[in-house]
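Visitor: I am new here. Please walk me through this one, step by step.

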Amino acid sequence: MRDRFGRQARHLRTREEERELAEARRTRRQDTRAPRDRAGDAEVGFEKMRRRERVLGRTSADRAPAPNTAQLAGTIVWLGRGRARVRCGEHERPAALAPDLARVQQTAVAVGDEVVLHERPDADPLVVSVSPRRSELARVDPDDPRRARVLAANVDVVVLVLAADRARTGLVDRLLAALAGSGAELAVCVNKQDLAHDQEALQRALAPHRDAGLAVVFASAVRGDGIDELRALLRGRAAAFVGHSGVGKSTLLNRLDPRNDRATGAVRDRDGRGRHTTSASSLTVLADGTRLIDTPGVRAFGLPEGRDDASAAFPDVHDLAQGCRFRDCAHRHEPGCAVRAAAEHGALDPARYRAFLRLGS
């Protein structure tokens, strides 16, 4: 095939090109007949081959210099978009999140996380990994119900702050369900005891939780009532404060830690709702080792998938359900429902029964 192609291509070459090709063939034949000095070839004509190593698509000759991998360990004390402030020992320093962490920041990184940083010569250190958490507080992301948003990590106790004049005790049930199996316990602080409210109704609403062993502190951040009790409950532990806007979380934290003057604001006159004075979670370490995490106010607290088991929030209802006729009883309209019967006959507080149905819906 080579010869045939050569014959077919001859008419494309000039006579001068044919002569040059013939001369080149004669020169090559003469070179092959001439004696060769093999020893000289080895030393002069050839260079010893070197093994080429490939590292990330590069050869050893053009390998990039190794990055500075000096590592630091620290705790996230503030988190913004792609940015963080990390406590390393007794000092805090700004840091950037690695791109893979920044993409999933709301789930993968939270205030309270223990992290590893890499030092960089001309920039802030880079947060490159997050250590496994011993506990977390998470709720459904309002923008994506399929995703959980972690509010705080590695906490021992979550303090739910309620306002005495507008106590929404249904949030207690949601937090109990959210924290079931999370490694953290729940405590309730009923703030604003200095405002006019129905204390008897508040006591009745919280009685089932107190009977189940839930710690409840009645306080007034304005007057200072209950602050010592709350401080004793949290001493030496990591605590995250959560609640609706306007319940006085930041004011309570200012009482517990007078060194930090967190911004506070009054509720709106027209509807009594609070304004968002805390826009991002932050962690403060007190002199006695107590860690306080302030979180932004929430309008609603959706439960992440797998954290919606009502039995954790309603152990009394769960015990009554053992007497239901059907194992998969929804406790609504099914015949032989022991839970509904208890609510109808006064053995179960009807308000608590309605709260149970709301959580399960």
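Visitor: Where is Lys192 placed?

Guide: First, this is a predicted model: local features need pLDDT of at least 70, side-chain atom pairs count only at pLDDT 80 or more, and totals for chains, interfaces and linings use all residues. Residues are numbered from 1 along each chain as its sequence is written, and side-chain values use heavy atoms, with hydrogens and water left out. Helices (H or I, at least four residues) and strands (E, at least two) are DSSP runs, numbered from the N terminus. Lys192 sits in the loop between S9 and helix H7 (199-211).

Visitor: Is Lys192 buried or exposed?

Guide: Buried means under 20% relative accessible area, exposed over 50%, partly exposed in between (1.4 Å probe, protein chains only). Lys192 has a relative accessible area of 18%, so it counts as buried.

Visitor: What is the phi of Lys192?

Guide: Most residues other than glycine have a negative phi. Lys192 is not a glycine, yet its phi is positive, about 65°.

Visitor: Which residue in the loop between strand S7 (144-153) and S8 has a positive phi?

Guide: The residue is not a glycine, and its phi is near 60°. It is buried, with a relative accessible area of 8%. The residue in that loop is Asn154.

Visitor: Which backbone oxygen lies 2.5 Å from a polar atom of the side chain of Ser135?

Guide: Ser135 is in the loop between strand S5 (123-130) and strand S6 (136-141). Ser135 is buried, at 3% relative accessible area. Contact means heavy atoms within 4.5 Å; leaving aside neighbours within four places in sequence, the contacts of Ser135 include Ala153, Asn154 and Gly183. The backbone oxygen at 2.5 Å belongs to Val155.

Visitor: Which residues have the most contacts inside the largest nonpolar core?

Guide: A nonpolar core is a set of buried Ala, Val, Leu, Ile, Met, Phe, Trp, Tyr and Cys residues joined through side-chain atoms within 4.5 Å. The largest has 40 residues. Those with the most contacts inside it are Val86 and Val158.

Visitor: Which helix gives the most to this core?

Guide: The helix gives four residues. Seven of its ten residues are buried, so it is largely enclosed by the rest of the structure. Among those buried are Leu171, Leu175 and Leu179. The helix is H6 (residues 170-179).

Visitor: Why do the buried residues of H8 line one face of the helix?

Guide: In H8 (residues 227-234), Ile227, Leu230 and Leu234 are buried. An α-helix has 3.6 residues a turn, so residues three or four places apart point the same way. The arc is that of the directions from the helix axis to the C-beta atoms. Seen down the axis of H8, the buried residues line one face because they fall within an arc of 65°.

Visitor: What is the angle between the planes of Phe314 and Phe356?

Guide: Rings of Phe, Tyr and Trp (its six-membered ring) pair if their centres lie within 6.5 Å; planes under 30 degrees apart count as stacked, over 60 as edge-to-face and the rest as tilted. Phe314 and Phe356 are 5.4 Å apart, centre to centre, and edge-to-face. They are 42 residues apart in the chain. The angle between the planes is 85°.

Visitor: How many disulfides are there?

Guide: A disulfide is a pair of cysteine sulfur atoms within 2.5 Å. The sulfur of Cys324 is 4.1 Å from the closest cysteine sulfur, in Cys329, too far for a bond. The count of disulfides is zero.

Notes. Polar contact = N/O pair within 3.5 Å; in protein donor to acceptor, adjacent residues only side chain to side chain.
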